[in-house]
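Open the model in your viewer and keep the selection tool at hand. The stops below say what to pick and what to look for.

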Amino acid sequence: MNTPTMSAPAGDLSQLGSRRRLAILATCCLSLFIVGIDTSGVNVALPAIGSELGASASQLQWVIDAYTLVLASLLMLGGSLGDRLGRKRVFQVGLTVFGLGSILCSLSVSPEMLIGARMLQAVGGAMMNPVAMSIITNVFTEPRERARAIGMWGTAIGVSMALGPLVGGALVDGIGWQAIFWLNVPVCLAACILTAILVPESRAPRARRPDPAGQLLILVFLATLTFGIIEGRGLGWDSAPVVSAFHAAAVSLVAFLVVESRRREPLLDLRFFRSVPFSSSVAGAVLAFSAMGGFLFLNTLYLQQARGLSPLEAGLMTLPMAVANAVFSPLSGRLVGDRGARLPMVGAGAMVLASGLMLTQAGHDTSMWYLGVAYLALGIGMGLVNAPITNAAVSGMPRAQAGVASAIASTSRQVGISLGVAVFGAVAFAGIDGPVADGLASAAHPAWVLMAGCGLGLIGVGVISTGRWALATAERTRERIAADASA
């Protein structure tokens, strides 16, 4: 039975004054802005973390993936907790947990402690991201106003992800790698206070039922798959732990599909995948953010360890990517609205493909101008890709299911980052016998070929998901889900 709510219904939130609604939007965007900076900015700090804490290459991969894996696994649970227990309350808890995790990250004295603290950060992030979106959609109820608010929200996340390496580089150079995590603490505190003052409490009229079995199985699947990929090089691909991890991943995936197909309110509604646009949005998110996650991880090691740049210089090198992302994100939204999803999705794939091919020529003495053009192309691609992914996720879905479909697309982005760091790192490190700095420039070339392959995949997804047949499957899926709901 759902917990009764003592808060005002969602409709009352629309009566808030415009200034207060904008202040609520700013608070939500501010909290997620630091999450984006933290996610991408930590990459620039990896060489410093490795040097000070004595972390191995695989442990550096886990510093990134421990966060993204837990975040991906718990995003939908965080959203459902907000619907059930109160969005304001859960958002404040998420801010508190994220801030505490950040403090522990800055105090870490070993790679293991840092990895554990990053997991705690992710638990807080999983309560912040989807709940903030729910707060925004309940505060901004007029469709056009809501669309603008969500656009500002998406821009804040995209820009923060792109600016992360620059901000992180400046902090690492000026203070130390711990400063990346110190930055989060006052922002979390301020956002928590502003939330208490500005945000009314709200809950869903009917919250989705918990799905602990599905939640556990998806976590086991992602964790064991990533463990096998990251640790395969060090432990041996035929070693018992790695083979067992891959077996566990396969078993948990099959069990997850079986469990979800039998639940009335599953964590992941498998009927969604009958819609080609929805399936394409998941595939596109994984491809695009695998390229992004793998690039951010390997590129910072390449620039600092193979090219000898400082953290700040490495961050500045990614500025073309940040600017392009900021410029092309809103342009992509307008293109989707005016001409459909195909053009921006295919354009994104072409840019990622071009960037990957250019990076295959990178070496120890490659011109910085050449690298800047490659980074610019990737920034354009990542700026173009978000709007068509979100549009494809909700295209043809019943209105009541649009939020769940969008949350799955967000989860797919985090899964993509995790797999990108794991797979790109495994491919690059496999070609290095000695220290990473000595052979990374050439060893990374196969990883950049993978990145180009992600671009090709995005082009294919863009073409397939926007044809008449694909759109017809979305319509049939919408009608079937609506019929099942009314039955």
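**Stop 1: a loop residue**

Select Leu-268, in the loop between α10 (240-262) and α11. Helices here are DSSP runs of H or I with at least four residues, strands are E runs of at least two, and numbering starts from the N terminus. This is a predicted model: local features need pLDDT of at least 70, side-chain atom pairs count only at pLDDT 80 or more, and totals for chains, interfaces and linings use all residues. Residues are numbered from 1 along each chain as its sequence is written, and side-chain values use heavy atoms, with hydrogens and water left out.

Is Leu-268 buried or exposed? Leu-268 has a relative accessible area of 15%, so it is buried. The cut-offs are under 20% for buried, over 50% for exposed and in between for partly exposed, with a 1.4 Å probe and protein chains only.

Now show what surrounds Leu-268. Leaving aside neighbours within four places in sequence, Leu-268 is in contact (heavy atoms within 4.5 Å) with Phe-256, Glu-260, Phe-273 and Ile-408. Add Gly-214 as well. Its C-alpha is 8.1 Å from that of Leu-268, though the two are 54 residues apart along the chain.

**Stop 2: aromatic rings**

Stay with Phe-273, one of the contacts of Leu-268. Phe-273 is partly exposed at 34% relative accessibility. Add Phe-272 and Phe-278: ring pairs link these two and Phe-273 into a cluster. Rings of Phe, Tyr and Trp (its six-membered ring) pair if their centres lie within 6.5 Å; planes under 30 degrees apart are stacked, over 60 edge-to-face, and the rest tilted. By this rule there are six aromatic pairs.

Next, select Trp-177 and Phe-181. Their rings are edge-to-face, 6.2 Å centre to centre with 85° between the planes. Both partners are buried: Trp-177 at 2% relative accessible area and Phe-181 at 1%. Compare Phe-273 and Phe-278, also edge-to-face, at 5.1 Å centre to centre and 80° between the planes. Phe-278 is buried, with a relative accessible area of 0%.

**Stop 3: helix α2**

Go to Val-42 in helix α2 (residues 18-53). Val-42 counts as buried, at 0% relative accessibility. Not counting residues up to four places away in sequence, Val-42 touches Ile-37, Val-63, Ile-64, Arg-118, Ile-180 and Phe-181. Select Val-167 too: it sits 125 residues from Val-42 along the chain, yet their C-alpha atoms are separated by 9.8 Å.

**Stop 4: helix α5**

Select residues 111-139, helix α5. Its 29 residues reach 41 Å from first C-alpha to last, close to the 42 Å expected at 1.5 Å a residue. That expected span is 1.5 Å times one less than the number of residues. Why is α5 largely enclosed by the rest of the structure? Because 21 of its 29 residues are buried.

**Stop 5: helix α9**

Pick Glu-231 in helix α9 (residues 212-235). Glu-231 is buried, with a relative accessible area of 15%. Beyond its neighbours within four places in sequence, Glu-231 is in contact with Ser-58, Trp-62, Gly-236 and Val-242.

**Stop 6: the cores**

Select Phe-295, Phe-297, Tyr-302, Tyr-375 and Met-451. These have the most contacts inside the largest nonpolar core, which has 94 residues. Such a core is a set of buried Ala, Val, Leu, Ile, Met, Phe, Trp, Tyr and Cys residues joined through side-chain atoms within 4.5 Å. Helix α11 (residues 276-306) gives the most to this core, with 15 residues. A second, separate core has 35 residues, including Ile-24, Val-97, Ala-149 and Val-199.

Centre on Tyr-302. Setting aside neighbours within four places in sequence, its contacts are Arg-307, Ala-362, Gly-363, Thr-366, Leu-371, Tyr-375, Leu-440 and Ala-441.

**Stop 7: cysteines**

How many disulfides does a search of the whole structure find? Zero, where a disulfide is a pair of cysteine sulfur atoms within 2.5 Å. Select Cys-192 and Cys-188. The closest cysteine sulfur to that of Cys-192 is in Cys-188, 8.4 Å away and so too far for a bond. Cys-454 is buried, at 8% relative accessibility.

**Last stop: the whole chain**

Zoom out. The chain has 19 helices and zero strands. Buried residues make up 56% of its 487 residues. Among contacts with a separation of 6 or more, 83% join residues 24 or more positions apart.
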